[in-house]
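Me: I'd love a close look at one part of this protein, please. Take your time and connect that part to its surroundings.

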Amino acid sequence: MNIVVVGGGKVGEILCKELSTEESYDLTLIEKNERVLDKLISKFDIQGICGSGISIDILKEAGVEHSDFFIAVSQKDETNIIACIMAKKLGAKYTIARVREREYSAHMDFVRDSLGISQIINPDFEASYSIYRMVKYAYATNIENFMNNKVSMVGVFVEENSAIANMYLKDFRKKFDVIVCIIQRGIDVFIPNGESLILPDDIIHVTGTSNNMQKFYSSVGFLREKPLKSALIVGGGKLSSYLIPLLKRLMTDIKVIEIKYDIAKKLSEEYNDVSIINGDGTDQDFLDEMTVGTYDTCITLTGIDEENALISMYASKKGVRKTITKMNRLSILKVINVEQIKSIITPKRIIADKIIRSVRSRYNASGSNVEQLYTLANHEVEALQFKISGNSKAVDIPLESLNIKPNTVIAFILRQGEVFFPTGKDVLMKDDKVLVVTKNSDFTDIDDMLL
């Protein structure tokens with residue numbers, strides 16, 4: 001498969017890293033900054049061309065006319081849109097443009113259809129819905145939906161007095177008919193087994209049928225938690241402008257702190273029923289003046305990861321029930337107190353994952369299809385949705401007899417429209433759809449999970 005990417009920023013780098021590892025993908029990066037291009041070429045198995053993504057000569061040099069995917073993720077919306085139009089005219093089969101401006105996003109279907117772009121993705125729009133779900137379900141650190149929303153995987157924080165704290169997983173399974181797929185313990189992430197112990201301050205990622213999940217929530221007290229009814233947002237950029245109308249569905253008490261006067265003024269004109277404050281949200285005295293401790297949730301959306309982390313930590317210290325932190329560089333979590341930063345949102349990673357899912361869903365591996373790919377637990381774990389083909393080595397063999405790689409688990413199976421959660425006695429069958437959760441990063445086929 002031939003893939004051309006325009007833009008070597010954070011999203012472009014993730015795409016180069018993830019897609020270049022697959023032998024059947026030939027990836028060419030177009031980047032104007034020669035230093036950035038050289039760095040990515042040296043790090044990943046890709047080809048590179050220094051130049052503009054809207055230059056006909058550069059596009060032809062990249063072989064766009066033979067490309068299966070053309071992905072434009074530069075910093076400028078107009079460049080991405082024009083590049084995709086030109087690539088489509090030259091013969092690219094499928095084009096994806098990253099677009100952030102609300103003016104374009106408000107008419108996304110019209111822009112996409114009239115200009116012939118296959119897919120337009122807005123990172124702030126996508127991230128706003130992720131935050132909305134985190135706020136709606138107060139007990140959840142994150143929520144991912146699979147199999148066309150037939151099943152969810154929910155991250156939950158284990159309090160010290162929780163009924164599941166200090167419980168072995170083998171005992172957990174006897175009591176709750178749900179599956180713990182991942183355990184986050186500080187900066188450590190692992191796929192648990194029956195001998196794993198759930199400890200206080202862990203974040204566990206749980207999946208099961210809707211009824212069983214509700215029983216689990218009720219048993220451990222999550223359903224008794226009061227809804228989050230007030231929010232303090234620090235940072236009034238594009239993401240906030242998408243998030244505010246979503247939060248208004250859940251609450252009436254919303255306050256936004258924005259340090260730049262022009263942005264604060266624009267937000268106040270657009271949302272006259274929301275309190276917009278022009279001030280420095282990183283100043284702890286100012287946060288106290290804004291009564292940060294009285295809010296149910298604090299959402300930090302400034303452009304600086306360190307500031308977001310520190311604000312969330314301070315808000316948690318002041319008694320805020322839930323903090324949601326925007327971060328683009330997750331490496332910072334290795335040097336700060338991650339226990340106070342439970343819910344993290346990474347817009348650039350969200351958009352990269354969505355693009356990778358689009359690419360993989362259109363590519364047939366030799367044994368099975370990778371239909372979807374998700375990254376979980378601060379992107380330490382992959383969840384891959386496969387469609388099983390008849391020639392897979394894993395077909396018709398009891399799962400307990402399969403020699404599955406460490407840190408890998410089959411979370412659930414979709415068979416003839418019905419989802420079930422397998423035991424060791426179950427087998428995989430042709431045309432099943434399967435979700436595999438793993439810390440390995442090189443699975444392109446269901447058979448890759450076997451030793």
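From which domains does the lining of the second largest pocket draw at least three residues each?

Reply: Happy to help! This is a predicted model, in which local features need pLDDT of at least 70 and side-chain atom pairs count only at pLDDT 80 or more, while totals for chains, interfaces and linings use all residues. Residues are numbered from 1 along each chain as its sequence is written, and side-chain values use heavy atoms, with hydrogens and water left out.

The lining draws at least three residues from each of domain 1 (2–121) and domain 3 (230–345). Domain bounds here come from an automatic or database domain assignment. A pocket is an open set of points on a 1 Å grid over the protein atoms alone, where a 1.4 Å probe fits, with protein on both sides within 12 Å along at least five of seven lines; lining residues have an atom within 4 Å of a point.

The second largest pocket holds about 930 Å³ of space, a volume being the space filled by probe spheres set on the points, which are joined across faces, edges and corners. Its lining has 41 residues, and G236, G237, K238, L239 and I263 lie nearest the centre. By type, the lining residues comprise 19 charged, 12 polar and 10 nonpolar; Ala, Val, Leu, Ile, Met, Phe, Trp, Tyr, Cys and Pro count as nonpolar, Asp, Glu, Lys and Arg as charged, and the others, Gly among them, as polar.

Now for the lining and the domains. Among the elements giving two or more residues to this lining are α5 (102–105), α10 (238–247), β15 (253–258) and α11 (261–270). Helices (H or I, at least four residues) and strands (E, at least two) are DSSP runs, numbered from the N terminus. Besides domains 1 and 3, the assignment gives domain 2 (127–220) and domain 4 (354–449). The C-alpha centres of domain 2 and domain 3 lie 25 Å apart, and their contact (heavy atoms within 4.5 Å) takes 18 residues from domain 2 and 21 residues from domain 3.

Next, the sheets. One is open, with six strands paired in parallel in the order β3-β2-β1-β4-β5-β6; two strands pair if DSSP finds at least two bridges between them. β3 (47–50) and β6 (119–121) are its edge strands, each pairing on one side only. Four bridges join β2 (residues 26–31) to β3, where G48 is the bridge partner of L29. Helix α4 (residues 77–90) packs on this sheet, touching β4 (69–72) and β5 (94–98), and its direction makes about 175 degrees with that of β5. Axes are lines fitted to C-alpha atoms, for helices over the stretch in contact, and angles run from 0 to 180 degrees between N-to-C directions.

A second open sheet has five strands in antiparallel pairing, ordered β7-β8-β13-β10-β11. β7 (140–146) and β11 (188–190) each have a single partner strand, so one side of each is left without a neighbour in the sheet.
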